[in-house]
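Here is a short tour of a protein chain, written for someone new to reading structures. Take a look at the sequence and the 3D view, then follow along below.

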Amino acid sequence: MISQKARYALRALVALTRAGHGESLMISEIATSQDIPKKFLEQILLELKRSGVVMSKRGKSGGYLLLKSPADISFGEVLRTIDGPIAPLPCLSKIAYRRCVDCKSEADCEIRHVFAKVTDATRAVLDRTTLADAVGEIDTLLDKAG
C-alpha cells in the first residue's frame, strides 16, 4: 500500500497538472481543492521541491508549479521520492537493497521469485505511467460518460 502522504503528493501534482503549463497554484488552493491538510501539504511540496519535481514562486502570482512536464513525471518517481523503494522485500529493492535476514539463498528463495515478478510488473506500470497519462485517462472517461 502507498502511504497517505504519497496519495496527497499525487493528488497535489494532479492539481498542478490540471492548472496548465507554467501556471502556479497557492498551497491553500491545492489544499482546499484536494482536501489535504495545509500543514501536511507544505511538507510534501517542500520534499517534491527538493527532489526537483516542483518549484515555488513568490509574489502576487506565486505558488507552486511543476518544474518538469507532466509527461516526464512518473508515478514511480513520485512514490520513490515520498515513500522510498517500490519493493515488498528488501532484497528486491533497487535503491535500498538489503539481504533478508532469514534468507539462506536468494537464488533458491521461492518467495523472492514470486515477489520479483510482482515487483517488476508494479514498477513497469508505475514507471511508465505519468501525470499526463493519468489526467488524460480520466478526461477520456469523463468525455465518454458526458
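## Starting at V54

Let's begin with one residue and its neighbours. Leaving aside residues up to four places away in sequence, V54 touches L13, L16, L45, L48, K49, Y64, L65, L66 and L67. Keep in mind as you look around that this is a predicted model.

## Two nonpolar cores

Where does V54 fit in? V54 is among the residues with the most contacts inside the largest nonpolar core, along with L13, L16, I30, L41 and L48. That core has 30 residues altogether. The elements that supply two or more residues to this core are the helices α1 (4-19), α2 (27-34), α3 (38-50), α4 (75-83) and α6 (131-145), plus the strand β2 (63-66). Which of them gives the largest share of the core? That would be α1, with eight residues.

There is also another core, lying apart from the largest one. This other core has seven residues, including L89, C100, C109 and A116.

## A look at R112

Now let's move to R112, which sits in helix α5 (residues 110-128). Not counting residues up to four places away in sequence, R112 touches L89, C91, L92 and E106. You've met L89 already: it is one of the residues in the seven-residue core.

What lies 2.8 Å from a polar atom of the R112 side chain? It's the backbone oxygen of C91, and C91 is also on the list of residues that R112 touches.

For a sense of distance, try finding A12 as well. R112 and A12 are 100 residues apart along the chain, and their C-alpha atoms are separated by 34 Å.

## The whole chain

Time to zoom out. The chain has six helices and two strands, and if you read along the sequence you get the pattern α-α-α-β-β-α-α-α. Taken along the principal axes, the C-alpha atoms fill a box of roughly 60 × 35 × 25 Å.

How much of the chain is buried? Of its 146 residues, 36% are. Take the contacts between residues at least 6 apart in sequence: 59% of them join residues at least 24 apart.

## Surface and charge

The accessible surface adds up to about 9,000 Å², and carbon and sulfur atoms account for 56% of that. As for charge, you'll find 22 positive and 18 negative side chains. The centres of these two sets lie 5 Å apart.

Note on methods:
Residues numbered from 1 in each chain as written. Predicted model: local features only at pLDDT ≥ 70, side-chain atom pairs only at ≥ 80, totals over all residues. Heavy atoms only, no water. Core = buried A, V, L, I, M, F, W, Y, C linked by side-chain atoms within 4.5 Å. Buried < 20%, exposed > 50% of the residue type's maximum accessible area, 1.4 Å probe, protein only. Helix = DSSP H or I, 4+ residues; strand = E, 2+ residues; numbered from the N terminus. Contact = heavy atoms within 4.5 Å. Areas by Shrake-Rupley, 256 points an atom, 1.4 Å probe, with all protein chains shown as cover. Lys, Arg positive; Asp, Glu negative; His and termini not counted. Charge placed at Lys NZ, Arg CZ, Asp CG, Glu CD. Polar contact = N/O pair within 3.5 Å; in protein donor to acceptor, adjacent residues only side chain to side chain.
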